[in-house]
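Visitor: I would like a close look at a single part of this model. Please take one residue as the starting point and work outward from there.

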Amino acid sequence: MSTVVAQTEEPEFDPVEAALAFCGGDAHATIAALLDELRFVRGQLALSEAGMSVGFTRGWKPRFEIKGDT
C-alpha cells in the first residue's frame, strides 16, 4: 500500500512587504520605524560591549563597525 503525502506550498515570506504592511503601506513610516529599531540595536550593542569582559569572551568583544572600515 502506498501513501501519498499532500504537499502545500506556502507563499515565500518577504520581509520588505511585511515591514510595509506593518506600517500600513507608508514607506516613510516604515523607514522611520526601521531607523528607530537600528538605533535601539546599536544601543544594545554598546551596552554589550561595555558590559562584557575580555575573559568572558576569550578575547572577542562585540563592536560596531561600518562596512568599509578597517
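Guide: A suitable starting point is Leu38, which lies in helix α2, residues 27-51. The model is a predicted one. With a relative accessible area of 38%, Leu38 is partly exposed. Together with Ile31 and Leu35, Leu38 forms a nonpolar patch on the surface, and the accessible area of these residues together is about 270 Å². Leu38 can belong to such a patch because its relative accessible area of 38% is over the 30% that patch residues must exceed.

Helix α2 also carries a charged pair. Arg39 forms a salt bridge with Asp36, and their closest N and O atoms are 2.8 Å apart. Side chains of opposite charge can pair when their charged atoms come close. Arg39 and Asp36 are 3 residues apart in helix α2, so about one helical turn separates them. Arg39 is exposed, at a relative accessible area of 56%, while Asp36 is partly exposed, at 44%. The structure holds 1 salt bridge.

As for the helix itself, α2 has 25 residues and reaches 36 Å from its first C-alpha to its last, close to the 36 Å expected at 1.5 Å a residue. Its N-terminal end is capped by Asp26, which places a side-chain oxygen 3.1 Å from the backbone nitrogen of His28.

For the wider setting, the secondary structure of the protein comes to 2 helices and 0 strands. Of its 70 residues, 6% count as buried. The accessible surface of the protein is about 6800 Å², and carbon and sulfur atoms account for 59% of that.

Key: Residues numbered from 1 in each chain as written. Predicted model: local features only at pLDDT ≥ 70, side-chain atom pairs only at ≥ 80, totals over all residues. Heavy atoms only, no water. Patch = residues over 30% accessible without salt bridge, like charges linked within 9 Å, V, L, I, M, F, W, Y side chains within 5 Å. Areas by Shrake-Rupley, 256 points an atom, 1.4 Å probe, with all protein chains shown as cover. Salt bridge = Lys/Arg side-chain N within 4 Å of Asp/Glu carboxyl O. Helix = DSSP H or I, 4+ residues; strand = E, 2+ residues; numbered from the N terminus. Buried < 20%, exposed > 50% of the residue type's maximum accessible area, 1.4 Å probe, protein only. Expected span 1.5 Å × (residues − 1). Polar contact = N/O pair within 3.5 Å; in protein donor to acceptor, adjacent residues only side chain to side chain.
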